[in-house]
Amino acid sequence: MPRTLDGQITMEKTPSYFVTKEAPRRVFAMSRQTKLIVVVRDPVTRAVSDYTQTLSKNPGLPTFQNLVFKNSSRGLIDTSWSAVRIGIYAKHLENWLQFFPLSRLLFVSGERLVTDPAGEMGRVQDFLGLKRVITDKHFYFNQTKGFPCLKKPEGSSRPRCLGKSKGRPHPHIPPEVLLRLRDFYRPFNLKFYQMTGQDFGWD
């Protein structure tokens, strides 16, 4: 990490930190004062999105339902599949709470980041001790992508939107498969709500 001077904040983004077992110990060893921001979304939607991204790179991938079940007749979910395992947020949070108090973590709702980006960014700015400078006026909703985009900054010719890999249509997954997956995640979600003191409404 680069040196940080007084009045500066150094930020780094890596999706795998939250779910990597060794990461909390390493981050703690680097700096106990680190603040952690974790964007979470409905784990069922997250798993389908993860699969969609992998499918775009590997069109020969088995179907979602073939990968999500260990044994489809018994309906056992395969937690060794990373698309499923990543969404067990309570398990990953337990790992982080061994090193950091909850007050050093902010959980940002991926759903509210889409429906109310300025509100979620307000929470981020407050958490980091920053003046609220990013507001509603900085966003517009891109109908094509289905996501909010940042309006073009001064001196730039175009607005900033999420990349091509975001907002692509998901393949059709049988509703009964999604229902089984939702049932699987429910107790983990409830535990995560209790641990964070936040109800993300993933039902």
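**A pocket beside helix α5 and its surroundings**

About 160 Å³ of space lies in the second largest pocket of this predicted model. Nine residues need not be hunted down one at a time, as the lining can be listed in full: Val19, Thr20, Lys21, Arg85, Lys91, His92, Glu94, Asn95 and Gln98. By class, four of these lining residues are charged, four are polar and one is nonpolar. The element that gives the most to this lining is helix α5 (residues 89–97), which supplies four residues.

Helix α5 is a good place to continue. Buried residues in α5 include Tyr89, Ala90, His92, Leu93, Asn95 and Trp96. Their packing partners are spread over several elements, namely α1 (23–30), β1 (36–40), α2 (43–57), α4 (82–85), β4 (105–109) and α8. Two of the buried residues, His92 and Asn95, also belong to the lining of the second largest pocket.

The pairing of α5 with helix α8 (residues 175–196) can be described in further detail. Two packed helices are described by the angle between their axes and the distance between the axes. Here the axes come within 8 Å and cross at roughly 35°. On the α5 side, the contact is made by Tyr89, Ala90, Leu93, Glu94 and Leu97, and on the α8 side by Phe188, Lys191, Phe192, Met195 and Thr196. Seven of the residues in this contact are nonpolar, two are charged and one is polar. Glu94 takes part in the contact with α8 and also lines the second largest pocket.

Ahead of α8 in the chain is the loop that follows β6 (147–150), and Arg168 lies in this loop between β6 and α8. An unreviewed UniProt entry carries the annotation "binding site" for Arg41, Ser49, Lys166, Gly167, Arg168, Pro169 and His170. Arg168 has a relative accessible area of 25%, and is therefore partly exposed. Setting aside neighbours within four places in sequence, Arg168 is in contact with Thr52, Gln53 and Ser56.

Helix α3 (residues 64–68) holds Gln65, which counts as partly exposed because its relative accessibility is 23%. Beyond its neighbours within four places in sequence, Gln65 is in contact with Ile173, Pro174 and Val177. The C-alpha atoms of Gln65 and Leu178 are separated by 9.0 Å, although these residues are 113 residues apart along the chain.

Two further polar or charged side chains are worth a look. Glu120, in helix α7 (residues 117–127), counts as buried because its relative accessibility is 3%. Not counting residues up to four places away in sequence, Glu120 touches Val108, Ser109, Arg112 and Leu113. Asn142, in strand β5 (residues 139–142), has a relative accessibility of 16% and so also counts as buried. With residues up to four places away in sequence left out, Asn142 touches Phe147, Pro148, Cys149 and Cys161.

Stepping back to the whole chain, the protein has eight helices and six strands. From the N terminus on, these elements follow the order α-β-α-α-β-β-α-α-β-α-α-β-β-α. The C-alpha trace spans about 60 × 45 × 30 Å along its principal axes. Of the 203 residues in the protein, 35% are buried. Among contacts with a separation of 6 or more, 57% join residues 24 or more positions apart.

Methods: Residues are numbered from 1 along each chain as its sequence is written. This is a predicted model: local features need pLDDT of at least 70, side-chain atom pairs count only at pLDDT 80 or more; totals for chains, interfaces and linings use all residues. Side-chain values use heavy atoms; hydrogens and water are left out. On a 1 Å grid over the protein atoms alone, a cavity is a set of points where a 1.4 Å probe fits but cannot get out, and a pocket is an open set with protein on both sides within 12 Å along at least five of seven lines; lining residues have an atom within 4 Å of a point. Grid points are joined across faces, edges and corners, and a volume is the space filled by probe spheres set on the points. Ala, Val, Leu, Ile, Met, Phe, Trp, Tyr, Cys and Pro count as nonpolar, Asp, Glu, Lys and Arg as charged, and the others, Gly among them, as polar. Buried means under 20% relative accessible area, exposed over 50%, partly exposed in between (1.4 Å probe, protein chains only). Contact means heavy atoms within 4.5 Å. Axes are lines fitted to C-alpha atoms, for helices over the stretch in contact, and angles run from 0 to 180 degrees between N-to-C directions. UniProt positions are given in the numbering used here, feature names are shortened, and annotations may be inferred rather than shown by experiment.
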